[in-house]
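Biologist: I'm new to this structure and I'd like a close look at just one part of it, the sheet and whatever packs around it. Could you walk me through that region slowly?

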Amino acid sequence: MEEVIRVFPGTLRPVCQESFAHGIEPEEIRLRMGQPVMILGKKGEYFWSNQGQVLTQKDSDSYRWKEADMRETLSKMSQYSMYALEEEIRHGFFTIQGGHRVGVTGKTVCEQEKIMTIRNISGLNIRIARQKKGCAKEVIPWLKRENSIHNTLILSPPGVGKTTMLRDCIRILSEGTEEFPGKKIGVVDERSEIGASFFGVPQNDLGMRTDVLDACPKAEGMRILVRSMSPQIIAVDELGSREDCLAVEEVLHCGCQILGTMHVGNIQELQEKTYLSHWLDRGFFERFVFLNLSQEGEREFSIYDGGLQKLC
C-alpha cells in the first residue's frame, strides 16, 4: 500500500503504515477537516493518535486532520496539479496511483444546475483498492459456452463484491486458460472502479486482451467499443438506466457477448425491474450470478440460467 502511504505528509506516514499492520485490513481512510482520522476495516473503526499509534476508539489523544495536512495530501495525490484532476473531481471522486479511489466533499460550483467542480475540499475518503485474483475461478466454468461465454449478469446487494468478481472474470477470460482461449474484451469503466485507471492506464490487472474506456458513460462507451475495437465481450459495471439497457440490446444485436453487473437485493427482484423482465422474456441473458454474504461474512455465489432455474 505504498501508493497510499506516500500521499500523506511525512510526519503522518508512520501512523498510516501502522494502519495496514496487525491484521487491520483497512477498506477506507476518511479524512475530514478538524475531525479525527478514521480507518474503516473489516473488524470495525480505528483512529490515529497524536503519538503515532492506531487506536480502537476515539479519545482525547486522537489526531485531528488539519488544513495543512489536506493541502499537502491533495498536492501529492494530484502530483502537484489539481487542474489535471478537475474533470474527475467534478464527479465527486478521482483515482490515485495504485487504483485507489478518493471521494471528495466540499463546496460545489454550479452552472445551470450542473456541477462544474468542487472547491474548498473539506473531506476525502480513500477507498483502498485490492484485487482478489482467483475469486472468479469457480464461477468461470458456468459462464463458458463452446468458444465463447453466455451473456451474463452478476447480481448482488451493494457492498458484496460485484465489481471485484467482474474484474476477476475479465482478467481470466482475457488471459485465457488451457481449455479456453483468451478473448478480446472491451471494458466501459464509467466510475474508474474496474480498471482503476491513473492518467488513462489501468492499475488493476484486466488481462492482456482487454481495452478500457475510462470515465466514459456506459451507453456511449459500449457503442464506441463496438465500432472501434472489435471486442468479443463487452464488460460494464452497474447497469440500470434506460439508456444503458438500450445500448446493451444494440451490443447483443451486433454479436458481442455482455458481461455486466446490477444491484438487486435478491434473485426475485429480477422480475420486478422493467428492463430485466423484458430481457428475461426475450432470453437475452443466459446466466445470472447472484452474490451474497454468509453469516460468517464470507462471499457466496449461486448460478441461475436464463429462466431463473438454479444451476448451483
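To start with, in which sense do S6 and S7 pair, and over how many bridges?

Modeller: S6 and S7 run antiparallel, and 10 bridges hold the pairing together. Before we go on, keep in mind that this is a predicted model, where local features need pLDDT of at least 70 and side-chain atom pairs count only at pLDDT 80 or more, while totals for chains, interfaces and linings use all residues. Residues are numbered from 1 along each chain as its sequence is written, and side-chain values use heavy atoms, with hydrogens and water left out.

A word on terms, too. Helices (H or I, at least four residues) and strands (E, at least two) are DSSP runs, numbered from the N terminus. Two strands count as paired if DSSP finds at least two bridges between them.

Back to S6 and S7. If you want a spot to zoom in on, find cysteine 110: its opposite number in S7 is isoleucine 115.

Now step back to the whole sheet. It is open, has 7 strands with antiparallel pairing, and reads S4-S3-S2-S1-S7-S6-S5 across. S4 and S5 are the edge strands, each pairing on one side only. As a rule of thumb, side chains in a regular strand alternate between the two faces of the sheet.

Let's follow the S1 end of that order. S1 pairs with S2 (residues 38-41) in the antiparallel sense, over 4 bridges. One bridge there joins isoleucine 29 to isoleucine 39 in S2. These two strands make a hairpin with 5 residues between them, and glycine 34 in the turn has a positive phi of about 80°. S2 then goes on to S3 (residues 44-48), again antiparallel and again with 4 bridges. That second hairpin has 2 residues between its strands, and glycine 41 faces glycine 44 in S3.

What packs against these strands? A good place to look is helix H3, residues 67-77, where Asp69, Met70, Thr73, Leu74 and Met77 are buried. Buried means under 20% relative accessible area, exposed means over 50%, and partly exposed is in between (1.4 Å probe, protein chains only). Those buried residues cover an arc of only 120° around the axis, so they sit on the same side of H3. The arc is taken from the directions from the helix axis to the C-beta atoms. The general background is that an α-helix has 3.6 residues a turn, so residues three or four places apart point the same way. Look at the other side of H3 and you'll find Glu67 and Arg71, which are exposed.

The cover over the buried residues of H3 includes several strands: S1 (26-32), S5 (93-96), S6 (100-111) and S7 (114-127). Contact here means heavy atoms within 4.5 Å. Follow the chain just past H3 and you reach glutamine 79, with a positive phi of about 55°.

Next, the aromatic rings. Searching the whole structure turns up 3 aromatic pairs. Rings of Phe, Tyr and Trp (its six-membered ring) pair if their centres lie within 6.5 Å; planes under 30 degrees apart count as stacked, over 60 as edge-to-face and the rest as tilted. Phenylalanine 8 and tryptophan 65 have ring centres 5.9 Å apart and planes at 80°, so this pair is edge-to-face. It ties distant parts of the chain together, 57 residues apart: phenylalanine 8 is in the loop between H1 (2-5) and H2 (13-19), and tryptophan 65 is in the loop between S4 (54-55) and H3. Phenylalanine 8 is buried at 0% relative accessible area, and tryptophan 65 is buried too, at 1%. Ring pairs join Phe8, Trp48 and Trp65 into a cluster.

One last stop: arginine 101 lies over the face of phenylalanine 93, at 3.9 Å from the ring centre. A charge counts as over a ring if NZ of Lys or CZ of Arg is within 6 Å of the ring centre and within 35 degrees of the ring normal.
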